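Ready for a walk through a protein model? Open your viewer, keep the selection tool handy, and follow the stops below.

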Amino acid sequence: MIHDKSSIILLISFLLWPVFSFSQAGVIKGKVIDAETGTTLVGATVLIESEFTDAATDKNGIYGFTSLNAGSYYVEVMFLGYQKQTRLAVLDTQDTLTLDFGLAPLTAKLTEVVVTASEQDFLNEPMPATRMEVTQIERMASTNTAELMEEVGGVSVARAGNWGSKPYFQGMTDSRVLMFIDGIKTTQSCPMGMDACTATIEPDMINSVDILVGPGSAQFGSGNMGGIISISTIGPRYRYLDKFKADLDIAGRYKSVSNSRTGVLTFKGGNKKFDFAAGAGGGWHGNYKIPSPDSYTFFPQSEIPHSGFNSRWLHLNARYRPGTGHQISFISQLYRGDSIGWPSRMPDTYTIIPKEKRDLLAVKYEMEHDGSFFKKLEASIGYQPMFHNMVNYPPGSTRFNGNSQTDNYQASVKTYFSVREKHALTVGIEGFIWKMNADRQTIFENTSSPFVSILNQGIMYESGLFVLDRFVYNDQFTIDAGLRINYVLSDALPAEAGILSGDLKDEQLVWTGNIAPLYRINKHLSLYASLVKGFNAATPVDRFINAPMLDGFYHYGNPDLRPEINISKKVGIRGMHNKWSWSAEYFHNSITNLIERGIDASVASPIPGLRGVRRSQNITKGVITGLSAYMSYYATSSLQIALNASYLYGIDRGKNPLPNIAPFEFNPKITYENLEKDFWLTLRADIAAEQNRFAPGYAEIYTPGYVVFDFSGGWKVSKLMELSVGMNNLANRYYRKHLNMAQLPEPGRNVSASIKITLPVIGKETGKPKLKDARLVTLKIEGMACQFCAKTVRERSEALPEVIQSIVYLQDGKAEIIVGREVSLDELTESIERAGFKVQILSVVPYEHDQ
């Protein structure tokens with residue numbers, strides 16, 4: 001058993017470990033000059049790769065490394081426009097070695113800027129998020145999108161068969177976690193919440209996911225409580241290419257535990273005027289198998305009935321640029337699911353979803369301007385209809401056939417400004433409409449009843465106006481602040497009698513905001529904090545539901561529910577030094593009017609055989625607090641050891657446990673990646689303590705602790721083909737996660753395999769470009785923790801055929817890359833992003849060769 005106090009002590013101990021270091025007396029220093037003219041080179045990058053450390057030359061061209069052990073070191077020097085140079089340094093203990101460098105120039109010079117962006121990071125969200133890139137997503141080989149987030153601290157996943165898994169952010173899910181697909185807010189169609197926001201977007205459709213744990217900035221309206229999920233789907237990548245180019249990606253995957261087979265076909269093409277990405281895919285997933293709790297078998301034998309599903313999807317993302325600084329995007333998606341099973345802990349109770357639909361149509365317009373005040377404008381409009389049909393099988397011979405239809409409409413405008421080079425302002429206005437209608441039919445052995453409404457024309461209007469400001473006081477201190485006013489109207493057609501009769505209209509005006517300072521103590525360590533007021537308006541489901549659920553209870557809504565308010569406080573520390581990077585965070589969510597469905601013993605279930613009635617209610621006050629931490633250590637340039645841990649504690653005003661609180665979770669991970677041979681291996685452990693603080697008043701039960709291991713690996717056979725294999729639940733362990741909605745065991749041992757093939761269709765690869773007509777690209781890169789990260793960025797970029805030279809500045813978080821005329825900058829940024837970094841193009845400058 002893992003105890004809470006010892007877990008916290010362990011968590012703090014491994015975070016403080018890298019802060020303390022030992023001192024050695026060896027020194028390497030020297031000067032860097034132009035080999036032809038003797039001019040000192042200021043700002044040249046000097047690095048010792050084996051020590052994962054670097055330095056920059058000062059105004060006199062001087063660099064220095066201290067506290068080095070005796071031994072041999074390869075010292076490498078790089079400077080933009082010069083050939084890099086590497087020399088061997090042999091150092092004795094307490095020795096000072098002088099090593100000067102003279103770099104040969106590339107005989108080129110810069111001309112005027114033709115395309116530029118702000119030096120400050122105006123376009124990112126005010127509070128940082130964890131980004132998962134397509135490479136990491138592909139390697140995880142997840143059946144559903146919720147499973148992708150299990151490696152993020154503070155996020156837990158609740159399984160409901162293979163399809164309906166839900167992510168929980170600090171104990172919150174559904175409408176308390178905002179999800180955006182290509183910037184369009186996504187809700188649910190099922191009044192039971194079976195189609196979680198992540199259920200109708202499959203991993204193969206995703207290019208990247210940004211995950212913010214805890215409420216976000218004042219940019220976000222209702223639902224800004226537990227976290228933000230922002231998904232970017234398969235997108236074009238040839239925005240900066242002069243000549244038209246196109247390629248075709250084909251991928252397939254197999255998973256043994258559910259006999260799952262998935263496939264995807266993606267066609268991308270375009271040039272600097274127009275580019276597009278079109279994709280199609282789908283999968284067939286059987287019931288997942290579980291191990292025996294009493295005996296060991298190599299492969300799981302028993303299966304969970306009604307846990308499989310089938311799916312198929314189409315996707316199009318096209319961009320047209322009518323002129324410099326202007327872009328119009330069109331996004332269309334179609335998702336179809338069928339034969340979707342939703343199992344229950346009661347053997348004779350389950351649900352089948354014969355049909356699930358989600359469509360998306362969106363148009364976006366972007367205008368960039370390099371003025372001293374106005375920087376950018378973004379406008380979007382989207383429509384997202386959803387349909388859900390289900391057949392509920394309660395105990396006995398009676399069945400319930402239900403249909404629900406949801407229509408989402410969204411429009412928004414955001415503008416970005418720079419004020420006196422100290423303030424980055426964002427001003428925006430948005431509107432959102434959520435329309436929902438659901439009815440149910442009772443089916444007997446020989447007859448059926450007419451359809452009756454269980455959510456009668458529910459609707460929620462939401463509009464918001466917000467202002468955000470990022471104030472950069474100096475290189476050490478930055479503060480983000482925001483303010484938003486929200487108007488929410490909710491209504492439905494009343495029932496003839498009962499709790500859903502009478503006037504159901506409700507209006508709310510809610511102010512929200514945030515303030516988040518960050519102080520950089522030195523180049524290795526930063527402190528940060530935030531205070532956020534978020535809210536969640538009671539949804540049509542919360543207020544008007546009237547139906548049986550898969551937990552075996554009959555659920556009633558409550559028209560008198562008040563909006564949930566979350567006052568979230570956060571304080572943390574993060575740093576990086578040499579081979580180490582780490583972060584630790586404490587958070588405290590004080591939630592007023594928390595909406596939960598408690599057991600109501602005073603009312604009998606209208607359907608015989610169910611466990612009772614649960615009714616939506618406001619808990620006067622609840623507190624969810626906890627810790628999350630991360631540490632990474634590069635043992636070598638190819639071997640990384642990472643540790644991720646989180647702890648949650650939730651109580652109501654009466655000191656009773658809140659539901660949906662995950663136990664202490666600890667996830668060590670070892671990754672070996674050989675970039676030269678394009679080969680990688682990963683071993684990960686999922687460790688959870690027992691959860692003995694459960695909420696019986698919300699139908700929760702005790703959950704034992706567990707330890708589960710996963711293994712995966714892959715090899716890029718050639719430039720066109722990549723293979724990967726994996727094994728989940730290596731020991732075929734029988735276990736259950738606390739948040740499993742049906743309180744069923746998790747899948748047993750699973751063997752997976754996948755293949756991906758990329759075929760060039762239009763546009764041939766060329767040799768290394770010449771300096772003539774070359775361009776200099778400056779990138780901002782987030783997520784670099786050590787020199788291995790910088791090396792990865794450099795090698796990834798220089799591996800592209802049109803890249804001449806790449807210089808990475810670790811401390812500044814930037815890279816300067818000289819590229820040929822035919823390079824695709826989208827392909828360049830995607831290559832770096834696939835390694836797990838977030839990239840923004842700051843400027844593009846001609847690099848003119850001397851005649």
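**Stop 1: an open sheet**

Select Thr-130 and look across to β16, where its bridge partner is Ile-211. Before moving on, note that this is a predicted model, in which local features need pLDDT of at least 70, side-chain atom pairs count only at pLDDT 80 or more, and totals for chains, interfaces and linings use all residues. Residues are numbered from 1 along each chain as its sequence is written, and side-chain values use heavy atoms, with hydrogens and water left out.

Now select β11 and β16 (residues 206-213): the two run antiparallel, joined by 4 bridges. Strands here are DSSP runs of E with at least two residues, helices are runs of H or I with at least four residues, and both are numbered from the N terminus. Two strands pair if DSSP finds at least two bridges between them. Widen the view to the open sheet of 5 strands, in the order β11-β16-β17-β14-β15 with mixed pairing. At its edges sit β11 (130-133) and β15 (184-185), each pairing on one side only.

**Stop 2: two hairpins**

Select β27 (residues 374-393) and β28 (residues 399-419), which pair in the antiparallel sense over 18 bridges. Ile-381 stands opposite Ala-411 in β28. In the hairpin between them, Gly-396 takes a positive phi near 95°.

Next, add β29 (residues 423-443), which runs antiparallel to β28 and is joined to it by 21 bridges. Find Asn-408 and its bridge partner in β29, Trp-434. Keep Trp-434 selected for the next stop.

**Stop 3: the cavities**

A cavity is a set of points on a 1 Å grid over the protein atoms alone where a 1.4 Å probe fits but cannot get out; its lining residues have an atom within 4 Å of a point. Grid points are joined across faces, edges and corners, and a volume is the space filled by probe spheres set on the points.

The second largest cavity has a volume of about 170 Å³. Of its 16 lining residues, the closest to its centre are Asp-174, Ser-175, Thr-186, Thr-187 and Trp-434.

The largest cavity holds about 970 Å³ of space. Which residues lie nearest its centre? Select Lys-166, Tyr-168, Asp-174, Arg-614 and Asn-660, out of 44 that line it.

**Stop 4: an enclosed helix**

Finish at helix α5 (residues 825-833): 8 of its 9 residues are buried (under 20% relative accessible area, 1.4 Å probe, protein chains only), so the helix is largely enclosed by the rest of the structure. Among the buried residues are Leu-825, Asp-826 and Glu-833.

Terms used: 1 Å grid on protein atoms, 1.4 Å probe; cavity = no way out; pocket = protein on both sides within 12 Å on 5 of 7 lines; lining within 4 Å. Buried < 20%, exposed > 50% of the residue type's maximum accessible area, 1.4 Å probe, protein only.
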